[in-house]
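Visitor: Could you take me through a close look at a single helix, and then set it beside a few other places in the chain?

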Amino acid sequence: MITGTDLYHVFTAVVPLYVAMILAYGSVKWWKIFSPDQCSGINRFVALFAVPLLSFHFISSNDPYHMNFRFIAADTLQKIIVLVVLAIWSRFSARGSLEWSITLFSLSTLPNTLVMGIPLLKGMYGDASGTLMVQIVVLQCIIWYTLMLFLFEYRGAKLLINEQFPDTAGSIISFRVDSDILSLDGKEPLQTEAEVGEDGKLHVTVRKSTSSRSEIFSRRSHGPNSTVSLTPRPSNLTNAEIYSLQSSRNPTPRGSSFNHTDFYSMVNGRNMNNASPRQSNFGNMGFDEESGLNGFSNPPSKANGVQGNAYPAPPSAGIFSPAAGPGAKKSTPNGTDGKDLHMFVWSSSASPVSQGGLHVYREFEHGGVAPQTAHHIDTHTKEYGEYGGDEFSFGNKKAGEVADRDGPTLSKLGSSSTTELHPKSGVHGDSKNTSMPPASVMTRLILIMVWRKLIRNPNTYSSLIGLTWSLVSFRWGIQMPIIIAKSISILSDAGLGMAMFSLGLFMALQPRIIACGKSVAAFSMAVRFLTGPAVMAAASITVGLRGVLLHIAIVQASLPQGIVPFVFAKEYNVHPDILSTGVIFGMLIALPITLVYYILLGL
């Protein structure tokens with residue numbers, strides 16, 4: 001029977017976490033203490049130091065030689081059951097899809113065990129339950145999050161192959177991926193080069209497209225503090241030199257396609273004497289003395305049915321983001337100037353805060369709408385609300401819908417092999433019927449990409465080093481030197497509070513707590529707090545868990561959505577609004593729901 005004292009212990013363990021989260025939320029939402037850039041700095045500290053060291057502390061202090069293998073078996077069986085059911089549904093159901101399978105697996109089996117689970121379960125069932133939660137954390141970090149990466153990269157590889165080799169994918173026997181490509185998440189344009197071997201099979205090389213390479217070269221040449229530069233970059237379409245206005249903060253490649261007229265190659269600065277005409281597929285361009293940037297000297301004429309206002313706009317009109325114009329601050333939520341904080345970003349090349357609302361060649365921060373390509377240029381701005389959330393549907397989306405709702409995907413650009421962000425119509429919808437390379441070839445490609453992601457993740461190192469140290473320490477009774485232990489504990493002790501503080505900042509910078517719509521949110525909460533615990537209960541009873549261990553297993557399955565799956569969903573643009581709602585709204589209702597489970601199981 002649950003007593004008032006038991007409930008007091010639970011509140012004592014959990015309420016401080018919510019205090020940290022509420023303080024962070026108020027610091028941004030009400031008191032305006034932190035700017036989005038400052039929030040990104042806090043978030044980066046949490047991602048690179050606080051959470052990895054917190055993981056190391058818990059994992060290294062866990063005795064791997066005295067783990068409760070029946071409890072671990074119940075947790076593993078739960079995830080296997082869900083995976084098998086989703087695989088069958090995705091394979092044989094007309095409404096099944098890989099994207100929804102990944103999302104439903106995250107919602108039903110990957111709770112926030114590290115940050116929320118350990119203190120909550122300790123308050124309910126004592127320190128022994130905390131040890132069990134650490135064992136779950138070890139499996140999550142090493143096995144299940146890696147499996148999630150594998151599924152996401154498989155999705156990216158499948159999209160790439162379907163778009164580039166819709167008819168010849170079965171002939172591919174090898175992939176070579178350039179070292180500067182870290183993921184197939186579709187955030188940057190890629191190009192593929194295929195060579196036919198003596199056996200008639202294809203050997204494919206994947207590398208960044210020309211525009212992406214020029215972008216990197218420009219940033220390296222001008223330095224990180226350069227403001228604006230005009231960088232020539234070759235086009236695979238017409239051999240014309242496409243000029244793109246860039247910023248070191250958010251480089252934005254742009255391209256267009258027009259009739260053959262004179263195009264003037266401009267240099268940075270206001271000196272017009274060095275301008276030299278050269279043949280290209282663009283209309284006449286001049287130099288805008290008022291703005292100090294290359295622009296149109298005369299109103300352009302129509303070319304290929306494109307109006308003059310479809311050319312790249314000057315910076316004052318928001319060239320990097322349609323929301324960056326004079327009225328942008330009025331339309332951005334929460335006074336954050338359109339910036340959106342990404343939780344736990346550990347990549348050194350990615351900023352946790354996104355500028356503006358929409359990015360070219362980058363995923364849209366809200367709504368998942370793909371940017372316009374070289375053939376379809378549209379400078380009309382749209383508010384966030386116009387994009388809306390995903391409809392409550394499990395079916396695979398048609399090609400047109402994918403281009404508009406699923407964010408960046410991969411496709412062929414004309415007759416070349418350069419990929420861009422719009423898929424060809426009809427290709428994606430028929431992806432189930434497209435032949436794929438042999439399983440060994442696909443597995444090798446995906447493992448390469450997963451490895452490149454893992455070695456850039458600090459949690460990978462903290463988990464493996466913590467597990468290694470625990471194996472050595474508990475095997476031979478070696479104690480960590482006090483000077484090292486205290487150096488780690490001074491940051492790991494703050495990790496729990498900083499993680500909740502960072503979550504509060506993330507909540508405050510979101511335009512809506514329920515980002516995916518009420519019906520989808522209700523369904524996702526049902527999966528998170530009803531289906532997950534139900535499957536865990538069945539799996540636990542199957543392996544023979546009874547009594548307190550069964551209660552712990554069910555309550556930990558009813559914890560709010562884990563943060564790491566949301567980070568992956570955001571990176572790969574697979575239902576990030578649903579996972580965001582699961583993290584934010586789930587955290588708000590998690591305490592009463594877990595208390596209900598705790599009370600009912602204690603009767």
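Guide: A residue is called buried when its relative accessible area is under 20%, exposed when that area is over 50%, and partly exposed in between. With that cut-off in hand, and bearing in mind that this is a predicted model, we can turn to helix α16, which spans residues 563–572. Ten of its ten residues are buried, and α16 is therefore largely enclosed by the rest of the structure. The buried residues are I563, V564, P565, F566, V567, F568, A569, K570, E571 and Y572, a list that includes K570 and E571 as well as F566 and F568. After α16 comes N573, which has a positive phi, near 55°.

A single buried residue elsewhere can be set beside this helix, namely D75, which lies in helix α3 (residues 69–92). D75 has a relative accessibility of 2% and so counts as buried, the cut-off being under 20%. The side chain of D75 makes a polar contact of 2.8 Å with the side chain of K79, and, once neighbours within four places in sequence are left aside, D75 is in contact with I136, L139, W144, M536 and Q556.

The surface offers another view, through I22 in helix α1 (residues 4–29). I22 has a relative accessible area of 45%, and because this value falls between the two cut-offs, I22 is partly exposed. I22 belongs to a nonpolar surface patch together with F11, V15, V19, L23, W30, W31 and I33, and the accessible area of the patch comes to about 770 Å².

Conventions: Residues are numbered from 1 along each chain as its sequence is written. This is a predicted model: local features need pLDDT of at least 70, side-chain atom pairs count only at pLDDT 80 or more; totals for chains, interfaces and linings use all residues. Side-chain values use heavy atoms; hydrogens and water are left out. Patches are made of residues with over 30% relative accessible area and no salt bridge: like charges are joined within 9 Å, nonpolar side chains (Val, Leu, Ile, Met, Phe, Trp, Tyr) within 5 Å. Accessible areas come from the Shrake-Rupley method with a 1.4 Å probe; for residues, only the protein chains shown count as cover. A salt bridge is a side-chain nitrogen of Lys or Arg within 4 Å of a carboxyl oxygen of Asp or Glu. Helices (H or I, at least four residues) and strands (E, at least two) are DSSP runs, numbered from the N terminus. Buried means under 20% relative accessible area, exposed over 50%, partly exposed in between (1.4 Å probe, protein chains only). A polar contact is a pair of N or O atoms within 3.5 Å; within protein, one must be able to donate a hydrogen and the other to accept it, and residues adjacent in sequence count only if both atoms are side-chain atoms. Contact means heavy atoms within 4.5 Å.
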